[in-house]
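Got your viewer open? Here's a short walk through the model, one selection at a time.

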Amino acid sequence: MANPFTPSFGRVPPILAGREFVLNDIEQALENGGGDPNLCTLYIGPRGVGKTALMQHVAQIAGSYGWVSASTTTSPGMLEDLFEQATMAANQFVSGEHSARLTSIGVPALFTAEWEYRDPDSGNWRTRMGKLLDKLAEQDIGLLMTVDEVESGVDELIQLVMVFQHFISEGRKVALLMAGLPHRASALVSHDSVSFLRRAVHQHLGLISDEDVSLALRETVEGAGKTIDDAALLNATKAIMGFPYMMQLVGFRMWAASGEKPAITRKHVMDGAERARIDFNNGVLDATFKSLSAQDRVFLLAMLKDEGESLLVDIAERMGRKPGYARTYKERLLQQGVIVETDRNVVCFSMPFLREYLEAL
């Protein structure tokens with residue numbers, strides 16, 4: 001029995017726990033076609049909440065709604081990558097067996113003059129992509145583009161968003177889904193050249209409920225051929241603390257700990273949770289901490305003296321600064337999803353095990 005949990009980067013888990021409403025919005029948008037506001041969505045959240053997996057899942061199911069998809073990550077060369085991915089996806093989509101809706105059209109190949117779109121002399125990226133969209137439109141096929149790790153400092157991302165706005169105004173059947181860390185998404189939305197993104201749909205992804213975690217764990221385990229008793233399931237749910245990536249880590253490790261045995265027990269869960277905690281520190285908390293500025297870190301360390309919530313005025317005093325100074329770093333950490341504000345100027349850690357991680361430094 002293969003391990004059904006997927007903590008590896010870029011793998012889509014069998015069940016996207018707690019994301020039903022988000023998925024319903026984008027699936028309805030794909031069904032509706034042009035004009036639905038959810039066709040331009042920015043998924044925002046800290047590391048490990050499942051932004052990438054969510055977009056990959058949408059890209060995988062887009063075909064059943066009559067869309068081809070092209071996915072990329074923000075970097076130089078991303079525009080040509082999107083164009084190549086879109087062209088290949090369209091050819092495979094029509095000639096393959098991915099969608100009865102499209103294969104029933106009986107078109108042998110959409111791009112008999114494919115060279116026209118690849119020839120740099122045939123126009124810039126916008127015009128070449130426009131010609132490709134024209135061919136897709138002849139068969140009422142939409143193009144879904146997904147972009148991970150948004151970064152406002154990459155000029156090609158700004159160009160993509162600007163061109164996408166033109167495609168929308170031209171009535172083309174296109175969709176753009178993007179994902180990024182809170183502070184990077186905020187910087188992108190604040191960019192003057194793409195101010196229309198402020199009116200795009202912003203989906204803030206956070207922790208998921210214990211009920212959703214428990215249900216997804218049981219369904220995943222049983223769907224892959226094993227069982228898990230109620231006590232073990234309760235312990236696994238508590239260890240996950242609502243964090244999607246942690247759910248995949250705990251699930252993967254407890255399944256591995258069970259070996260060839262048909263049932264996952266509380267002992268397997270405890271052993272797996274301990275290993276998952278180490279994985280989480282190495283894969284999420286280390287990367288998050290290294291991305292913070294020196295004063296961000298000072299702010300977080302000042303929170304450790306409080307057992308639960310921290311008052312901003314107390315944090316400022318411990319930093320040796322005035323509240324206005326500390327407020328700047330509070331906003332930075334809120335944007336990065338590291339802390340959450342439970343009341344006015346009252347904050348607490350939002351990432352699982354971050355307190356323990358900081359205390360161990």
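We'll visit a pocket, then a cavity, then two helix pairs.

First, some housekeeping: this is a predicted model, where local features need pLDDT of at least 70 and side-chain atom pairs count only at pLDDT 80 or more, while totals for chains, interfaces and linings use all residues. Residues are numbered from 1 along each chain as its sequence is written, and side-chain values use heavy atoms, leaving out hydrogens and water.

**Stop 1: the largest pocket.** Select Phe9, Gly48, Gly50, Thr52 and Tyr245. You've got about 610 Å³ of space in the largest pocket, and of its 32 lining residues those five are the closest to its centre. On a 1 Å grid over the protein atoms alone, a pocket is an open set of points with protein on both sides within 12 Å along at least five of seven lines, a cavity is a set where a 1.4 Å probe fits but cannot get out, and lining residues have an atom within 4 Å of a point. Points are joined across faces, edges and corners, and a volume is the space filled by probe spheres set on them.

Now colour helices H2 (51-61), H11 (244-258) and H12 (266-290), the elements that each give two or more residues to this lining. Helices (H or I, at least four residues) are DSSP runs, numbered from the N terminus. H2 gives the largest share, five residues. The lining divides into 16 nonpolar, nine polar and seven charged residues; Ala, Val, Leu, Ile, Met, Phe, Trp, Tyr, Cys and Pro count as nonpolar, Asp, Glu, Lys and Arg as charged, and the others, Gly among them, as polar.

**Stop 2: the cavity.** How many cavities of 30 Å³ or more does the structure hold? Just one. About 60 Å³ of space lies in the largest cavity. To see its lining, select Pro46, Arg47, Leu181, His183, Thr288, Ser291, Gln336, Val338 and Met351. That's four nonpolar, four polar and one charged.

**Stop 3: H14 and H15.** Show residues 312-319 (H14) and 323-335 (H15), whose axes sit 8 Å apart at an angle of about 105°. Axes are lines fitted to C-alpha atoms, for helices over the stretch in contact, and angles run from 0 to 180 degrees between N-to-C directions. The two are therefore roughly perpendicular (65 to 115 degrees). Leu312, Ala316 and Met319 in H14 meet H15 residues including Tyr325 and Lys330, with contact meaning heavy atoms within 4.5 Å.

**Stop 4: H9 and H10.** Finish with residues 210-223 (H9) and 230-240 (H10): their axes come within 9 Å and cross at roughly 125°.

How values were computed. Parallel < 35°, antiparallel > 145°, perpendicular 65-115°, else oblique.
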